[in-house]
Amino acid sequence: MEDELILRKVEEARKKRLKEMWSVFKNNRMAYLASYVLVAMYLMALVGIFITPYDPYDFDLSRARQAPSLSHPLGTDELGRDILSRIIAGAKYTLGISLMSVTIGALIGVMLGLISGYMGGLVDTVIQRAVDVALAFPTILLAIALIAALGQGVVSLIIAIAVSTFPVYARLVRGSVLQVINEDYIAVVKLLGKDPWYIMFKHVLPNITSPIIVQSTYYMGLAILLTSSLGFLGLGAPPPTPEWGSMIGSGRVYLFSSPHIVVSPGIFILVTALACNLVGDGLRDALDPKSRMFIRRV
Amino acid sequence: MSLARYLIRRVVQVIPTFVGALFFMFILVRVLPGDPARLIAGPEALEEDVRRIRELLGLNKPLYVQFVDYMVSILRGDLGTSLKFGTPVINEILNRLPYTIALALVAESIALSVALPLGIISALRPRSKATYISSVISLTGSSVPIFWIALIFIYIFSVSLRILPSSGADSPRHIVLPSITLSLLLMGNLTRITRSAVIESLSSNHVLTALAKGLKYRVILIRHVLKNALIPIVTIMGIQIGSLLGGAIVTETVFAWPGIGSLLIDSIFYRDYPLIQGIILFIVLVFIVINIVVDVIYALIDPRIRDVLWRTS
Amino acid sequence: MGEKVLEVISLRVYYDLPQGTVRAVDDVSLDVRRREVIGIAGESGSGKSTLALAITGLLRPPAKVVSGKVLFNGVDILRLSEDELRRIRGRKIGVIFQDPNTYLNPIYTSGFQVAEVFEAHRGIHAKKYLNEVVKLFRLVKIADPERRVYAYPHQLSGGMKQRVLISMAIAERPDLIVADEPTSALDVTIQSEIMDLLAEIREETNTSIVMITHDLALLFEVADRVAIMYAGKLVELGRASDLIKDPLHPYTKALLSILRYERKKKLTSIPGSIPSLINPPPGCRFHPRCPYAFSKCSKIEPKAVNIDGRLVACHLVGGSE
């Protein structure tokens, strides 16, 4: 009875904390604004293909490399495709790939971190050594190595970025688990005789969601930059996909005569990544202003 | 003596990580893409050519034999032969290394010369312009697509103003644009870390003691604030230099800077697997070595860490 | 009665916080004579540490001196420039802080950190003064001083670190030492050793000591006079022997009865808790917890009255004005 009461109290405290976090976040005007920008960008990714003024794939060399005008607000690219339409349609790729890979990376990392922190012992050692290996690669290098091995394409891109993000989650979650696990209420739950998986998901995980969310927000920004960098290098989404980085990559040849081709997709990448970082900062400050455990970009 | 012992211990410690990385690369290159010989030869190649390549690379042997062979040859410093250039991989890497080192050092110096003063001033004067500038720089550094800002710089300085070359490494002027671009990326984190490290150090109690002694402000700042703030700054510097020495992949590619990063991208397009593998291993090795160096620097700064690290062996 | 080394006159120190203004020290006056050990006692949050920082000129924002004077050898240190203040700190006023573990810089040797006091006031790099530090270490009874000057803080015990901090405070033979809870972070056995050491140092160096603590038992062992603070106010000030024999203020009485009752217990056992310093209770700040409170107490703030050299701020004492 009393145990149930303690658990309910913990639950209430958690909800209260989330509420407080949210109100602090809302008071941070930049972060709040940035969260709207992010939502707008993702809406664009969701419905983009239906609202493009032109067909993003329809090329016509006769109108190639036109400067911005009323009919083509951001101009046309090297094949005469409308850049605005391509950016709108491309949001799906740049943002979608980033979201997918961060989600997968987070899932794997969180699982490994939970197991590692909760089980301890040999399992912990093995997982942490694997994480060591992954961390021995600079982020973009790991992604490039994977793409070199898996071959080019959207799927390998997602895998590559996911693999390069998971180790930090595993570390972060393991650390948080080790902190949480010593709290009294976990001992209470253990006494109630629940099995370890139940405890991990029902009682440990909810208590470490906030740091995971903060880290994921930063990683969204990082993943957007990674996705577009790889696209730019020609290792990302293959042509004619209107992925933003790929657009810049194929347009860079015409930098001298038609800089507008590379300028606008870059601005979209910049704004989205900036929004992610601002929201991340806002959430971090709301969570714990002093915290330095998060990695924005290395 | 104790430093040497510590170094040996650290090297022994990272061996599993390095072997793990080797194994990972090995698996990646030999198992995942199906038949690397086929990949190298290309889809139109004759079956006989594929077989020849397979034998050339030792791909017909059992996997574990291949791994042992591979380990042994790496221990001998033999990273294999580049398919594209026909030269030892290690030579290709060493040829490109000076360029990568030059770019890394120049970029890190530029970043430091901006980030350190800015971070320190913004920590000391929380409501000043410096604070505002440093938060802008810090956000920019982590949000700007580096390849894009590189193109913008090329457009401004090479195309419009025609004052700086946009690609290659023929003269000292060629390093200006790539290093500035790269430094922008480094500056953000460096400024942010410097600022928070100095703020934390400023608020520590021993600074109050230093004030109570009647020490001059300048002495307190240097001895009791900045030196204590050095550890996080050195860490981030180490990570940055470590990843840069492996080649600033994107920056080098945009500016056609002949370093290791652009070599890696080229080798990927040539499907030069031995070269790809060699470069990646080299980068990982550099990264690991830098981590050890950073640890040694820690120990030099902080006697507590020194005691813990050097005595437990 | 010796000359006055320090004179605090109607000092008010407020903290401007987003939640409101905290009146940490509110109209406090006291003086310290040569060779005197004066104790300032009170619960945590009574403003005694703020007072200590004000005396040493170490107040940082958001703390702000609103009014009053702190005369040190006749000079108001609140009006001094940062550089003039610097020349006094460490040379004329030594400070001993609460927690020896965090008040030493971990990355320098203990000897070097003490030698910095000499560097600050005599010029020449601190390294040149290590021989003098050895003598100081001997004075504060650090065993094996020749070796210990080269020890880093983490290689020393808590008590040893506190001795290092004390040697720092007395290095230049200051006229005044301000000790803010010098023993609260130490083991009980070491606490009295440190107190004895401070008493000895007073004998040897003729310095005055302001000792701030919440541990009355220790305080009465060494202090000549004791000031009791409550919620930013000085409620009673008098000779330690008088106070212990015949406390006048109800708060002092409460403190002492706890002390007699359970010698080792800290001062947390008075019913009620220390009031908010943002919105202190009207009238006498102690009245909500005072067993003798009557109607006047919640309306009019009692003024300190002088009774045979003792100051007491209570409506029950000294009658009406």
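# A walk through three chains

Start by selecting helix H2 (residues 29–51) and helix H3 (residues 83–119) of chain A: the two pack with their axes 7 Å apart, at an angle of about 135 degrees. An angle of that size makes H2(A) oblique to H3(A). Bear in mind as you look around that this is a predicted model.

Turn the view until one of the two helices lies in front of the other, and you can check the hand of the crossing: H2(A) and H3(A) cross in a left-handed sense. Now show side chains. On the H2(A) side, pick A:Met41, A:Tyr42, A:Met44, A:Ala45, A:Gly48, A:Ile49 and A:Ile51. They meet A:Ile88, A:Ala89, A:Ala91, A:Lys92, A:Leu95 and A:Gly96 of H3(A). Colour this contact by residue class and you should find 10 nonpolar, two polar and one charged residues.

**Zoom out to chain A**

Next, select the whole of chain A. Its secondary structure consists of 11 helices and zero strands, so a cartoon view will show the pattern α-α-α-α-α-α-α-α-α-α-α from one end of the sequence to the other. The C-alpha trace spans about 75 × 45 × 30 Å along its principal axes. Of the 298 residues in chain A, 48% are buried. If you draw the contacts between residues at least 6 apart in sequence, 71% of those in chain A connect residues at least 24 apart.

**Where chain A meets chain B**

Which chains share the most contacts? Of the two pairs of chains in contact, the answer is chains A and B. Select both, and highlight the residues that touch: 38 residues come from chain A and 37 residues from chain B.

Stay on the chain A side for a moment. Four helices of chain A each supply at least two residues here: helix H4 (121–135), helix H5 (139–150), helix H9 (209–233) and helix H11 (260–287). Pick out H5(A) in its own colour, since it gives the most to this side, with eight residues. By class, the side of chain A that touches chain B divides into 26 nonpolar, six polar and six charged residues.

**On to chain B**

Hide chain A and look at chain B by itself. Here you will find 14 helices and zero strands, running α-α-α-α-α-α-α-α-α-α-α-α-α-α from the N terminus on. The C-alpha trace of chain B spans about 85 × 60 × 30 Å along its principal axes. Chain B has 313 residues, of which 42% count as buried. Among its contacts between residues at least 6 apart in sequence, 69% join residues at least 24 apart.

For a close-up, select helix H9 (residues 205–213) and helix H10 (residues 217–245) of chain B, whose axes come within 10 Å and cross at roughly 155 degrees. Because of that angle, H9(B) is roughly antiparallel to H10(B). The crossing of H9(B) with H10(B) is right-handed. Show side chains for B:His206, B:Val207, B:Ala210 and B:Leu211 in H9(B), then for their partners B:Ile220, B:His224 and B:Val225 in H10(B). This contact has five nonpolar, two polar and no charged residues.

**Last stop: chain C**

Bring chain C into view together with chain A. Do not look for an interface between these two: chain A and chain C do not touch, and their nearest C-alpha atoms are 15 Å apart.

Colour chain C by domain, using residues 4–92 + 172–317 for domain 1 and 99–171 for domain 2. The centres of the two domains, taken over C-alpha atoms, are separated by 28 Å. Where they touch, domain 1 contributes 15 residues and domain 2 contributes 15 residues. Select helix H8 (residues 188–205) of chain C, which brings six residues, the largest share of the domain 1 side. By class, that side has nine nonpolar, two polar and four charged residues.

Finish with a single residue, C:Val66, in strand S4 (residues 63–72) of chain C. Is C:Val66 buried or exposed? It lies in between: C:Val66 counts as partly exposed because it has 13 C-beta neighbours inside 10 Å. Beyond its neighbours within four places in sequence, C:Val66 is in contact with C:Arg12, C:Val13 and C:Tyr14. To close, draw a distance from the C-alpha atom of C:Val66 to that of C:Asp27: the two residues are 39 apart along the chain, and the separation is 9.8 Å.

How values were computed
Residues numbered from 1 in each chain as written. Chains lettered and ligands numbered in written order. Predicted model: local features only at pLDDT ≥ 70, side-chain atom pairs only at ≥ 80, totals over all residues. Buried ≥ 20, exposed ≤ 12 C-beta atoms within 10 Å, placed from the backbone. Contact = placed C-beta atoms within 7 Å. Axes fitted to C-alpha atoms, helices over the stretch in contact; angles between N-to-C directions. Parallel < 35°, antiparallel > 145°, perpendicular 65-115°, else oblique. Left-handed = near helix turned anticlockwise from the far one by under 90°. Nonpolar A, V, L, I, M, F, W, Y, C, P; charged D, E, K, R; others polar. Domains from an automatic or database assignment.
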